[in-house]
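Q: Could we go through this structure together? I would like to begin with how the chains meet.
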Amino acid sequence: MAVVTKKRNLRKDTVNEIIRAEDKWEPVGHTPMPELPDLRNWDMRLLKTYKPFYAPMCDLCCFCTYGKCDLTGDKRGACGIDISAQQARVVLLACCMGTAAHGGHARHVLHYLIEKHGKDYKINLGDQILVEAPHIRTVLGLKPETLGDLEKAVEYVENQLIHCVSALHTGQEGSALDYESKALHISMLDHVALEAADIAEIVGFGYPTSVADTPLVGLGWGAVDRTKPVILLIGHNPVTAISIVDYLNSNGLQDKVEVAGICCTAQEVVRYSDRAKVVGPLSRQLFFIRCGIADVIVTDEQCVRCDTPGEAAKAGTALIATNDKICYGLEDVTKKEAGEIVKEMVSGGKQTLIFDPEKAAEVAVRVAMELAPKKNKVLTKPEEVPDLAKDHKLCNMCSQVCPNLLPVGDAIEAAKNGNIQPLVEVFNKCIGCGKCDHECPRHVPIIKMMQAAASWESWNMRAGRGPIMDVEIRKVGAPIVLGTIPGIIAIVGCSNFPEEIDEVAEIAEEFAKRKYIVVLSGCSAMVAGMKKDKEGKTLYEKYPPNFDAGGVLNVGSCVANSHITGAAMKVANIFATLPLRGNYEVIADYILNRVGACGLAWGAYSQKAAAIATGCNRLGIPVVVGPHSSKYRRLYMSRKEEDDWTVMDGREKKLVDTEEPSPEHLITVVESKERAMVTMAKLCIRKNDTAQGRQLKLTHYIALHKQYLGTLPDDLHLFVRKATDIPIFFKKEVMAYLEKVGWKEKPVLTLPTLIGTYPSEVPIEAVVH
Amino acid sequence: MAVVTKKRNLRKDTVNEIIRAEDKWEPVGHTPMPELPDLRNWDMRLLKTYKPFYAPMCDLCCFCTYGKCDLTGDKRGACGIDISAQQARVVLLACCMGTAAHGGHARHVLHYLIEKHGKDYKINLGDQILVEAPHIRTVLGLKPETLGDLEKAVEYVENQLIHCVSALHTGQEGSALDYESKALHISMLDHVALEAADIAEIVGFGYPTSVADTPLVGLGWGAVDRTKPVILLIGHNPVTAISIVDYLNSNGLQDKVEVAGICCTAQEVVRYSDRAKVVGPLSRQLFFIRCGIADVIVTDEQCVRCDTPGEAAKAGTALIATNDKICYGLEDVTKKEAGEIVKEMVSGGKQTLIFDPEKAAEVAVRVAMELAPKKNKVLTKPEEVPDLAKDHKLCNMCSQVCPNLLPVGDAIEAAKNGNIQPLVEVFNKCIGCGKCDHECPRHVPIIKMMQAAASWESWNMRAGRGPIMDVEIRKVGAPIVLGTIPGIIAIVGCSNFPEEIDEVAEIAEEFAKRKYIVVLSGCSAMVAGMKKDKEGKTLYEKYPPNFDAGGVLNVGSCVANSHITGAAMKVANIFATLPLRGNYEVIADYILNRVGACGLAWGAYSQKAAAIATGCNRLGIPVVVGPHSSKYRRLYMSRKEEDDWTVMDGREKKLVDTEEPSPEHLITVVESKERAMVTMAKLCIRKNDTAQGRQLKLTHYIALHKQYLGTLPDDLHLFVRKATDIPIFFKKEVMAYLEKVGWKEKPVLTLPTLIGTYPSEVPIEAVVH
Amino acid sequence: MTTTLPYHRVNVLTGTKSARLIEDASEYAHLIKRAKRPLLVLGSWALTTTLGGKLLIEYGVDIAKTLDIPICATAHTKKKLLELGVEPASSYDIIEILNHLKDLEWKGVKKEGNHDLVMFLGFRTDLGEQGLSTLKHLAPHLKTMTLCKFYYPHASYSLPNYRKDEQWKEFLDNLITNLKSKEA
Amino acid sequence: MTTTLPYHRVNVLTGTKSARLIEDASEYAHLIKRAKRPLLVLGSWALTTTLGGKLLIEYGVDIAKTLDIPICATAHTKKKLLELGVEPASSYDIIEILNHLKDLEWKGVKKEGNHDLVMFLGFRTDLGEQGLSTLKHLAPHLKTMTLCKFYYPHASYSLPNYRKDEQWKEFLDNLITNLKSKEA
């Protein structure tokens with residue numbers, strides 16, 4: 001053991017120094033700053049029940065110059081890899097890209113803010129948030145007190161990333177399960193990066209925190225006042241966006257220039273200024289650019305269309321790139337004087353790259369104000385549509401290239417004949433890629449026609465509020481763990497939706513009505529606001545913004561997703577008083593067995609979404625994704641009848657076969673919103689539910705199942721432990737059903753845990769609080 | 001400029017602290033520890049002359065859930081990306097994987113050695129090497145004095161990697177050129193990682209250094225004494241290999257157990273013990289495992305077949321995995337007692353995962369000694385071949401799946417009929433994937449048959465010697481820069497060769513005979529030793545091991561490639577007395593214009609090779625690659641007649657159109673070894689050559705061209721500046737040729753440089769020494 | 001070997017193994033009759049697609065009835081089936097049924113053993129292709145067959161890309177007739 | 001649309017755009033005659049491949065001679081051509097000629113303008129496919145044609161995978177005859 005002892009010692013020293021082990025806020029758990037091998041056994045335990053399910057997108061591998069290699073049947077690549085390991089490898093690649101995107105974002109923001117405020121700038125999230133960083137506390141074992149501490153967390157993510165990217169190289173990992181373990185590891189760290197980024201922004205920019213009722217902000221392309229100069233922000237990193245708001249305020253221009261955002265930069269900027277507008281999600285990016293409403297486009301990073309320079313030029317909109325991730329081959333004019341740049345952009349139509357946020361801000365505003373008066377911002381009117389479609393012949397190339405399989409051709413055909421309704425329906429399901437338009441052999445301007453099909457009304461969204469408050473956790477902790485709040489429903493991710501964009505609002509409302517806690521973020525939080533009831537109210541107006549039964553809240557941009565997973569960790573810590581510090585296995589095990597939370601990423605498209613979801617999974621939070629997500633190639637699924645559902649009873653210290661598949665899956669694709677709602681209700685069931693809580697959860701599961709599938713669930717008997725679990729409301733028919741299927745009472749359990757069912761240094765005692 | 005100033009200041013502070021700016025060994029240049037934007041203008045200048053050439057492997061993109069997207073014609077993906085940017089993106093991915101593999105390796109080795117020797121353990125490469133780390137000096141601006149300093153270099157690589165991996169995410173960079181700039185950036189850092197790893201191993205393990213005539217070691221599968229217990233090391237990371245040698249020595253077993261390696265771990269272990277054997281390159285991995293000669297296989301990381309567990313089991317060979325990159329889903333037994341593990345492996349045939357090198361070493365030796373006596377190591381005899389082939393029918397599936405397009409089926413047909421010669425020829429071109437064998441519907445054991453076709457004689461290789469000595473640089477600096485040593489030929493990379501394996505030895509000897517300096521590494525250094533002349537001598541016996549005209553030397557494993565590029569940097573520093581410190585542009589510009597070096601990666605297959613080559617390119621060193629490398633998808637090529645070859649005359653400070661395409665390409669694929677030799681001779685030409693030097697270089701270019709293409713080069717006139725450049729030997733025909741094509745004298749030039757031809761903070765003065 | 005391009009370009013095959021394209025209903029019928037334990041999996045598009053005035057799911061029901069083929073009702077198709085008076089043998093969602101099918105040892109929806117032929121009707125083509133990919137790669141013990149009007153490269157047997165719904169309807173009608181007829 | 005699998009599996013097409021497979025020598029001849037500035041590119045396998053007792057490069061020479069088609073001699077083929085009494089118009093290596101061809105403005109090997117039809121003979125199929133991919137994607141202004149005995153998906157026009165050399169020889173002989181004949 002020589003070296004291992006040495007190793008542990010050396011690592012211990014380094015780690016202890018980084019996490020200030022001598023601070024005694026909590027004892028240091030078994031895995032502070034874990035490396036790849038440290039949580040591998042936890043992963044293998046999860047993967048024993050929730051086996052990887054692979055759906056290859058490609059039969060081949062083309063990573064090295066031996067390829068292409070055919071991996072069908074029992075074939076292996078030239079390096080010896082098989083189809084399953086190759087899928088797991090591609091998933092690891094996606095999770096590495098996602099984590100790197102968030103980590104790079106965190107690095108950039110921290111770098112900027114530390115220049116502004118210094119390394120020692122204190123982290124203060126307000127008097128309602130004392131557990132400021134559950135991920136950093138749990139994973140690193142560090143209680144971050146300053147911006148400098150957040151930087152330590154990002155450094156650790158960088159250090160782990162190099163090993164995971166290395167594992168992607170040809171001739172490395174040969175086991176699909178070990179690739180999954182690496183994906184789970186780097187994705188756990190993705191949430192660390194998310195948390196570091198969002199906390200840095202809150203304290204560094206002074207976003208509202210420790211409040212629930214953040215302002216309602218204007219939402220929708222119709223909300224943008226195009227009579228003013230319009231600056232359009234696209235991306236995720238708010239550094240330049242904030243500078244633009246500051247420049248407008250300090251020059252008294254806040255009412256003269258419209259600032260609007262697409263994607264997460266919009267989420268960010270409205271937390272800083274409720275004057276700013278949210279145009280909409282990623283799927284409206286090309287549509288809005290082509291509307292020509294923006295005078296200047298300012299890009300930062302992530303989820304920005306690669307053809308923005310060309311599209312901006314065609315729309316007569318100026319372009320400023322501001323981030324090293326997206327340079328578009330433009331000249332770096334950072335060192336030039338603002339006035340000179342403005343001149344080149346206004347007269348010469350030059351597109352520029354400016355790394356200095358303050359300078360980019362000044363240039364953006366001045367260019368917008370100079371260009372706006374000259375710009376014609378007339379939109380397509382419905383009556384113009386037939387003429388725009390006049391060259392159309394029904395070749396259906398547009399339909400064939402649509403990534404959402406929409407009948408675009410038929411819609412254009414109808415529009416040509418004066419019926420715009422089918423085009424309205426297509427627009428509502430459109431994910432915004434523009435392929436139909438580009439592919440049309442007769443150059444029918446399909447995206448332009450959609451201006452007439454789109455609704456130009458204005459909606460609203462509650463500005464992101466950041467972390468859940470400790471007091472809220474204290475209030476809902478018991479009901480959640482006992483099950484009397486039926487669950488936390490987290491609706492997150494991008495806008496690659498399978499059907500109508502307002503399905504998200506429908507799903508959110510269904511659960512809000514049923515008194516689940518509904519938490520949203522990113523593009524999903526936007527589209528949830530894009531639906532009004534008959535009184536003209538959006539979800540954000542109808543439901544309270546509290547983290548409580550029946551609340552509907554927006555935590556913020558995708559980096560704010562860390563606060564959703566963080567809330568689950570805070571339940572374990574604040575309610576169950578389990579220490580977080582370096583205590584990942586215990587916290588994840590607690591969440592898996594006792595916190596009825598379920599994520600939904602209905603339109604997930606990106607590698608970031610893959611990392612976020614996989615990070616949720618390692619933490620024991622199940623996720624439901626839409627049909628497009630089958631292209632992520634991997635799910636974690638159990639088989640409820642066949643699998644072994646034995647857990648350890650933490651108090652009795654004995655193994656108990658619960659016969660109960662809860663939660664049934666860690667991540668699964670569902671086909672329709674109806675099935676999604678039924679599945680999510682089921683995935684909120686936990687072994688720890690009290691009889692009262694289980695009754696409540698089953699009531700919703702049964703009600704939704706009957707509503708959408710027409711009958712009692714055919715797996716209902718698996719979730720009834722004792723007669724006392726049976727919902728009063730459905731008692732009669734449930735009893736009848738149980739009798740029919742020969743249901744028997746299930747073993748009792750005082751404290752369900754996986755600790756003790758796999759090799760781990762964590763003693764069973766650790767889960768008993 | 002507010003923030004930029006702030007930024008520069010903050011960065012400056014951090015950087016100055018890391019590189020100890022106060023140490024005055026050299027002035028700090030303009031780009032210490034550069035970030036993505038800092039060398040972007042240098043890249044754009046290179047890419048203006050050496051434009052990216054793309055050869056897509058796939059018409060599609062399948063990275064996100066919008067896909068698959070068709071990128072043919074002028075189509076763009078759902079994110080707006082086009083085919084060129086997508087290729088550049090895939091190249092960046094490869095370079096990130098390669099850099100991560102080397103960086104992760106460096107991290108692991110440093111971690112181990114710092115545990116052993118401490119952070120402050122001094123770097124001492126012997127009295128002949130004072131410029132110990134040209135890459136770290138040049139790129140970071142740090143003069144590394146301890147293992148801890150090397151760790152700083154790796155930390156910086158990790159920090160930059162996250163941004164480059166982030167740029168791979170969907171909706172990031174939209175410009176192919178900017179993707180290339182990022183690939184060049186991370187690949188420059190690849191050489192930093194390589195250097196950190198190899199220096200750490202030299203000082204940490206006490207490899208020979210500051211010597212040229214390192215021992216000749218046994219090479220070839222025939223060199224392995226199979227009458228002894230055999231431990232086979234596969235991979236690149238020597239930590240466990242060294243422990244095995246130590247264990248054998250300290251237990252007096254050094255003569256009783258055979259230690260043999262495949263791929264770079266072999267290169268490493270023979271630097272530590274000349275008793276160890278080099279089995280051969282990557283392409284012999286499966287062949288040798290199936291021979292069943294090894295009693296125990298110990299895997300570490302990189303270029304290890306993913307099917308090793310299955311193949312080892314079939315061969316009756318025990319397996320120990322030792323690195324977190326490759327865990328094979330095996331049980332982590334690191335904490336068990338060695339004896340217990342040995343028992344499980346010997347009796348139970350269990351394959352294990354042991355992260356503790358000393359324990360893995362003890363287990364490997366004990367298991368090998370217990371298993372060897374029971375193991376039958378009989379090889380296939382030629383006379384058995386027809387019978388092994390008896391089920392063969394000529395369906396040619398084997399030929400169709402061969403990644404090297406070999407006529408395997410015909411060879412088996414012949415072998416079945418008693419003629420083994422065609423199989424001998426196939427084996428000599430075989431790249432070792434085993435697909436033919438696996439694909440055969442009649443299960444003809446093709447790889448096993450090759451045991452009878454393979455030569456079992458024993459060759460030798462000179463053990464890797466690490467960095468080139470300063471005194472050698474001092475001696476050859478002038479001749480290289482003046483051109484009187486015609487060039488440095490670096491033959492590196494993997495064994496995915498297009499034709500016979502001994503082409504590498506042929507090429508190496510051609511240049512050695514012509515008094516070029518021939519430097520080798522990795523698998524190429526091995527195969528260079530796999531050929532004997534009529535006296536039975538290998539290249540390493542025939543040519544001196546000095547870094548001098550006509551020398552043939554092996555620097556070591558792939559991480560030792562940093563010493564080849566480092567030698568070019570040392571020419572600039574030691575001979576031309578240019579400061580290295582934070583002075584990347586000046587050093588790269590010097591090498592591009594004055595150091596006649598050319599790399600050859602004839603069998604490059606991996607992402608590491610992509611990073612190494614791209615790192616050479618940013619440093620101004622051209623690289624020639626074999627046909628398989630067209631699958632890397634991107635080359636950097638000029639067009640000699642069309643492009644502008646204007647440079648700055650550093651002394652005269654005026655632009656001069658040299659009309660001379662030197663070097664013509666930065667990286668290009670050639671089709672045959674003949675063309676490779678002609679191209680390499682041409683790519684050694686530099687603008688700085690003296691008349692005498694140019695005569696010499698042209699002599700070889702002309703001679704090789706006549707020898708292999710039959711005539712004078714048809715671009716000869718482009719490389720003759722004055723009549724004095726014309727080789728005496730070919731004077732008459734060259735004069736006639738020049739007259740025919742209407743050649744005119746070219747402008748004179750005193751000091752060629754690109755500085756001053758593109759936006760840079762570096763003043764022209766900086767290139768004048 | 002040649003392969004056909006799927007109607008929806010996102011589903012283009014990247015590989016060497018693609019579905020046998022069959023246009024002859026009697027051949028399909030023969031393959032189904034030959035199967036020991038066929039299964040029909042119905043997806044949500046069977047609820048929204050109409051063909052010749054009928055809902056697609058009704059064709060599914062008619063096909064199932066001919067040989068008493070068990071139905072797996074995915075998404076929310078079960079409700080409609082019950083309205084049509086059909087009790088599906090199971091109501092897993094699509095990924096769940098695939099997850100069972102890929103296990104050779106699974107007992108099948110009727111607990112009589114895993115299925116040897118799985119027919120799909122009414123799925124998004126992209127989700128369908130991904131699901132068929134799972135079975136193509138990881139369920140060598142069974143064959144897959146698609147009944148929708150598009151070519152599915154990952155299936156074992158697929159219909160062509162029908163330009164007209166009429167062609168598709170004609171095929172399904174013929175298939176039903178053939179399945180009803182006694183001779184194999 | 002359907003596509004054919006190349007003989008060497010490493011070259012399997014992953015995409016939607018593949019070569020028109022042509023087996024009729026007269027059709028090939030017609031395409032070549034129609035071309036304004038054809039170019040024949042010869043690779044190193046033309047030196048090592050024998051067909052009907054002749055070196056493959058000799059077929060190349062015969063084809064070039066029919067219509068005085070300029071030859072680009074890649075790798076080390078120039079030496080052999082000279083031995084055969086043929087002076088190639090240029091001797092770029094394969095990637096270099098491709099790098100010129102993809103520039104619409106390039107003046108061609110005869111300085112008369114870029115070529116509109118580029119024929120390839122005697123290349124490794126993997127290198128050939130990669131090179132054809134470059135032209136398919138980045139040189140929309142020209143067509144590519146392969147003369148080797150394998151199907152090249154990335155080409156504009158390709159021969160099939162010939163099972164027997166005789167079939168290939170017959171095609172090449174017919175092609176030469178057709179090229180010699182006067183009518184277009």
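A: Certainly. This is a predicted model, in which 90 residues of chain B are in contact with 90 residues of chain A.

Q: Which helix gives the most to the side of chain B that touches chain A?
A: That is H3(B), with 11 residues. It spans residues 83-117 and is one of several helices of chain B that give two or more residues to this side. Among the others are helix H1 (2-19), helix H6 (176-205) and helix H25 (607-618) of chain B.

Q: And how do the residues on that side divide into nonpolar, polar and charged?
A: On the side of chain B that touches chain A, 42 are nonpolar, 25 are polar and 23 are charged.

Q: Changing topic: at what angle do helix H16 and helix H18 of chain A pack?
A: Helix H16 (residues 421-429) and helix H18 (residues 446-453) of chain A pack at about 105°, and their axes are 9 Å apart. Because angles of 65 to 115 degrees count as roughly perpendicular, H16(A) is roughly perpendicular to H18(A).

Q: Which residues make the contact?
A: H16(A) contributes A:Leu423, A:Val424 and A:Phe427, while H18(A) contributes A:Met449, A:Met450 and A:Ala453. By class, this contact has 6 nonpolar residues, with no polar and no charged ones.

Q: Now the sheet in chain A: in what order do S19, S18 and S21 come?
A: The 3 strands form an open sheet in the order S19-S18-S21, with antiparallel pairing.

Q: Which strands stand at the edges?
A: Strand S19 (654-657) and strand S21 (752-753) of chain A do; each has a single partner strand, so one side of each is left without a neighbour in the sheet.

Q: Over how many bridges do S18 and S21 of chain A pair?
A: Strand S18 (residues 646-649) of chain A pairs with S21(A) over 2 bridges. A:Met648 stands opposite A:Thr753 in S21(A).

Technical notes. Residues are numbered from 1 along each chain as its sequence is written. Chains are lettered from A and ligands numbered from 1 in the order in which they are written. This is a predicted model: local features need pLDDT of at least 70, side-chain atom pairs count only at pLDDT 80 or more; totals for chains, interfaces and linings use all residues. Two residues are in contact if their C-beta atoms, placed from the backbone, lie within 7 Å. Helices (H or I, at least four residues) and strands (E, at least two) are DSSP runs, numbered from the N terminus. Ala, Val, Leu, Ile, Met, Phe, Trp, Tyr, Cys and Pro count as nonpolar, Asp, Glu, Lys and Arg as charged, and the others, Gly among them, as polar. Axes are lines fitted to C-alpha atoms, for helices over the stretch in contact, and angles run from 0 to 180 degrees between N-to-C directions. Angles under 35 degrees count as roughly parallel, over 145 as roughly antiparallel, 65 to 115 as roughly perpendicular and the rest as oblique. Two strands pair if DSSP finds at least two bridges between them.
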